[in-house]
Structures are given as structure tokens and as C-alpha cells.
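Colleague: I'd like a close look at one part of this model, the shell around the ligand. Please start from the whole chain and then work your way in.

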Amino acid sequence: MKFSLFIVTLLLLSACDIDGSMRANSKDGSAVDARVIAAKSGCMGCHAVSNSVYGPAWKLVSQRYLDVPDAKEQLIYHIRTGSAGRWDHVTGGRRMPPQKGAISDVELAIVVDYIMALAAPKPAQAAATVESEPPVETH
Ligand code: HEC
């Protein structure tokens, strides 16, 4: 029993680590969650991480820009000024209005870092393992 608790604790700790990689320090030094920022900025009204809703799934975006050297700059620019035509094969031709007023530069950089990390092989696999295999209690 004690051993299984130890395992559960380990799993929880590793889940926190994964979560930690999605966090970044804001200007005042406090840890902020990219997903909270994205939600409060209205991004999640059109986007989801794994599914294409109104806009493309952020995992797809992450995969597409994986090998693009200036991906961060490009994505920030496209989000601030709006985007059309890049995801027609997924959205059927919908466009993203400029998000400049919806999110600050600092917070947008945090969200874009988070999106770009989604397809990075290691964290994604680790997260999938933790999510799909909940700890089994051995008695
Ligand atoms: C009104 C709906 C809507 C909102 C709100 C919205 N998006 Fe989008 N987003 C879209 C659509 C539609 C596309 C696909 C545009 C295209 O085909 O070029 C897109 C594309 C994107 C892309 C891919 C851009 C590229 O260069 O390939 C990213 C990243 C993104 N959105 C992030 C965000 C973030 C972050 C926010 C919040 C600040 C946000 N979106 C808010 C609808 C939206």
C-alpha cells in the first residue's frame, strides 16, 4: 500500500513537471498557465488543442511549424494581424480576425511558446502516457 502511494506521488510529481513545461514567467515573475491566458483571451472560443473546431487544432499548428526556424515570430505576427488561407484544408476557408487587442504581447508570446511545444516529441509522449494510464492501485 505504501509503495503504491509512492508510485502515485511519483506520477503526480511527473505530471506537475510536464505541466511546469507549459508554464512561463510573466513580467512580475509569477507563474502563469498558457491555457488560462488562452481561455481568458478568447482563443478557446475558436480553438482546441487536439481538435479543429472553428480554427485549426493547435497540435496541427505545432506540427506544421516544427521545422520552421522563425516559427515564433511568424505565428505571433499571424495572430496579431489575423490569418486567412493558411488552414483552408482544415477549416474550409474560415479566417482568424486580428487578435492584437485581445491579448498583450507578453501573454501572446507565452501562448505561442505553449502551442509550439505541443508537437515537440518528448513532452507530448510523456503527457499522453500519464493521461491514458492512470495509476493502478496494487494491494
Ligand atoms: C474567431 C475565431 C478565432 C479566434 C478568436 C482565434 N482564432 Fe486563431 N485561428 C482561427 C482560424 C479560422 C484560423 C485559420 C486561419 C487561416 O486559415 O489562415 C486560425 C489560426 C490560428 C493559428 C495558426 C496561424 C498560422 O500561422 O498558421 C494560431 C497559432 C492561432 N490561430 C492562435 C490563436 C490564438 C493564440 C488566439 C487568441 C489570442 C486565437 N487564435 C484566436 C480562428 C480564431
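Modeller: Happy to. Among the contacts in the protein with a separation of 6 or more, 62% join residues 24 or more positions apart; two residues are in contact if their C-beta atoms, placed from the backbone, lie within 7 Å. This is a predicted model, in which local features need a pLDDT of at least 70, side-chain atom pairs count only at pLDDT 80 or more, and totals for chains, interfaces and linings use all residues. Residue numbers start from 1 along each chain as its sequence is written.

The protein has 7 helices and 2 strands, in the order α-β-β-α-α-α-α-α-α from the N terminus. These elements are DSSP runs numbered from the N terminus, with helices being H or I runs of at least four residues and strands E runs of at least two. The average pLDDT, the predictor's confidence in each residue on a scale from 0 to 100, is 81, and 66% of the residues score at least 70. Helix H1 (residues 2-21) has the lowest mean among the elements, 48, while H4 has the highest, 98. Over residues 8-22 the pLDDT is below 50, and this stretch has 15 contacts in the model beyond near neighbours in sequence. Where pLDDT is low, the predicted coordinates should not be read in detail.

Now to the part you asked about. The ligand is surrounded by 31 residues, and Cys43, Cys46, Gly55, Arg86 and Met96 are the closest. Two or more shell residues come from each of helix H4 (71-81), helix H5 (88-91) and helix H6 (105-117). H4 gives the most, with 4 residues. To belong here, a residue must have its C-beta atom, placed from the backbone, within 6 Å of the molecule. By class, the shell has 16 nonpolar, 11 polar and 4 charged residues. In that scheme Ala, Val, Leu, Ile, Met, Phe, Trp, Tyr, Cys and Pro are nonpolar, Asp, Glu, Lys and Arg are charged, and the others, Gly among them, are polar.

Gly55 makes a good close-up. Its place is in the loop between H2 and H3, and it is buried because 21 other C-beta atoms lie within 10 Å. The cut-offs are 20 or more other C-beta atoms within 10 Å for buried, 12 or fewer for exposed, and anything in between for partly exposed, with C-beta atoms placed from the backbone. Not counting residues up to four places away in sequence, Gly55 touches Cys46, His47, Thr91, Arg94 and Met96. Among these partners, Cys46 and Met96 also belong to the residues closest to the ligand. From Gly55 to Gly45, 10 residues away in sequence, the C-alpha distance is 9.2 Å.

H6 links the shell to the core. Besides giving residues to the shell, H6 has Glu107, Leu108, Ile110, Val111, Val112, Tyr114 and Ile115 buried. Its 13 residues should span 18 Å at 1.5 Å a residue, and the end C-alpha atoms are 18 Å apart, so the two agree; the expected span is 1.5 Å times one less than the number of residues. The largest nonpolar core has 16 residues, of which Ala34, Val111 and Ile115 touch the most other members. Helix H2 (34-40), helix H3 (58-64), H4 and H6 each supply at least two of its residues, with H6 giving the most, 6. Such a core is a set of buried Ala, Val, Leu, Ile, Met, Phe, Trp, Tyr and Cys residues joined through C-beta atoms within 7 Å. Ile115, leaving aside neighbours within four places in sequence, is in contact with Trp58, Val61, Ser62 and Leu75.

Finally, look at Ala102, placed in the loop between H5 and H6. Ala102 is partly exposed because it has 15 C-beta neighbours inside 10 Å, and it touches Ser41 and Gly42, residues up to four places away in sequence not counted.
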